[in-house]
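Me: Hi, could you walk me through this one? I'd like to start wherever you think is handy.

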Amino acid sequence: MSCSYCKNSEKKSLVMEVQMHAPTYADVLAGASVVLRYIKPTPLYEWPGLSQLLGCRYFIKHENHTPTTAFKVRGGIYLVSRLPEEQKRRGIIACTTGNHGQSLAYACRLFGVRCVLVVPAKSNPDKVAAMRALGAELIEHGRDYDEAREHCESIREREGLRYVHSANEPDLIAGVGTYALEIFDDLPDPDILLVPVGLGSGICGAGLVAAQRRPETRVIGVQSELAPAVTLSWREGRPVETESPRTFAEGMATRVPASLTLQMMRRLVHDMVTVSDSALRDAIRLLLRMTHNLAEGAGAAPTAAAWQMRSSLAGKKVVGVFSGGNLDLRELAAILTAKPS
């Protein structure tokens, strides 16, 4: 494993990232004043069958109930709403595996902004179709997220577009953090938040809110064992790059951490755990059977982690962030026909 920040194509990006100021709890509150004009709060339900199975009081924050079926729409709305008028006229560009792109496409449609998205060549076709339906212009490039990202960063200036990184954006983090405000409004005293991690915008927003509203609450990130770059980076205190991710859970399929969110996670996150892809598939099947909600891989990660950690969670109030429900239907078919592991 080696750090990728020595690459020339990424040096400029890193300089821009480290100059950013990390968002604060006050920024999340400001984000809520905008986000909730356009989307309704999502439900927080305790599912008794899951609580009984897991041996704790298990609550699910249903971010799959947003207009794009994922939490990231909150960040897209807040960030695009705050763009200068000149930049709104020019438009934005971003790299995405799906949910980040849908959030920006949705927000750009709200505010009349051009949206260009670079996606890996073999992306979830349902997410690609959803982005196009929202009016985004798509460019397919690369074998994974990070190859697509490098291509995106190489063309942004040529097009005069505002590059929107999927994590190193203070307004994006503040916007997605609004889901955590709703958690603590509905359940003031959770013991543990389990949050899926791709590049970390969601867990950073949750960490900001938890630190202010209930510092005793432990914030724990969850990644796939086949895409552990952020977990390794968090543990070692430095950026660690891994090989191209082999997980089916594209929402967590990153191999290079993001500087701003990694810095925040070192301060706000109490632990990181990894789960197998077979455990993710089992959790998708379990959630569909017991809650009748369809989870994508990242959305099922907290439930997979709760099963893996159930002995240490016994008797606690645990919130699993169901971050999205945009599962590739080809994967769903394989999950439903396979035997549980």
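Reply: Happy to! Let's begin with helix α10, where the buried residues are T178, Y179, A180, L181, E182, I183 and F184. Keep in mind that this is a predicted model.

Me: So how many of the nine residues of α10 are buried, and what does that say about the helix?

Reply: Seven of the nine, in a helix that covers residues 178-186, so α10 is largely enclosed by the rest of the structure.

Me: Nice. And strand β8, mostly covered or mostly open?

Reply: Mostly covered: six of the seven residues in β8 (218-224) are buried.

Me: Which strands does β8 pair with?

Reply: One partner is β7 (residues 192-196), which runs parallel to β8 and is joined to it by five bridges. Another is β9 (residues 271-275), again parallel and with five bridges.

Me: Can you give me residues to click on? Which one stands opposite V219, for instance?

Reply: That's L193, facing V219 of β8. For the β9 pairing, try S224, which stands opposite V275.

Me: What links up with β7 and β8 to make a β-α-β unit, and what is its hand?

Reply: Helix α11, residues 201-213, and the unit it makes with β7 and β8 is right-handed.

Me: Switching topic. What's the strand order in the open sheet of four strands?

Reply: The order is β5-β4-β3-β6, and the pairing is parallel. At the edges sit β5 (137-140) and β6 (162-163), each pairing on one side only.

Me: How many bridges are there between β4 and β5?

Reply: Four, with β4 spanning residues 115-119 and the two strands parallel. One place to look is V119, whose bridge partner in β5 is E140.

Me: Which strands does helix α7 touch there?

Reply: Helix α7 (residues 125-133) packs on the sheet and touches β4 and β5. Its direction makes about 145° with that of β5.

Me: Last thing, cysteines. How many disulfides turn up?

Reply: Zero, searching the whole structure.

Me: Why is there no bond between C95 and C152?

Reply: The sulfur of C95 has its closest cysteine sulfur in C152, but they are 5.8 Å apart, too far for a bond. A disulfide would need the two sulfur atoms within 2.5 Å. Looking from C152, the closest cysteine sulfur is that of C95.

Me: Are those two buried or exposed?

Reply: C95 is buried, with a relative accessible area of 1%. C152 counts as buried too, at 0%.

Me: Great, thanks for the tour!

Notes. Residues are numbered from 1 along each chain as its sequence is written. This is a predicted model: local features need pLDDT of at least 70, side-chain atom pairs count only at pLDDT 80 or more; totals for chains, interfaces and linings use all residues. Side-chain values use heavy atoms; hydrogens and water are left out. Two strands pair if DSSP finds at least two bridges between them. Contact means heavy atoms within 4.5 Å. Axes are lines fitted to C-alpha atoms, for helices over the stretch in contact, and angles run from 0 to 180 degrees between N-to-C directions. Buried means under 20% relative accessible area, exposed over 50%, partly exposed in between (1.4 Å probe, protein chains only). A crossover is right-handed if, with the strands pointing away from the viewer, the path from the first strand over the helix to the second runs clockwise.
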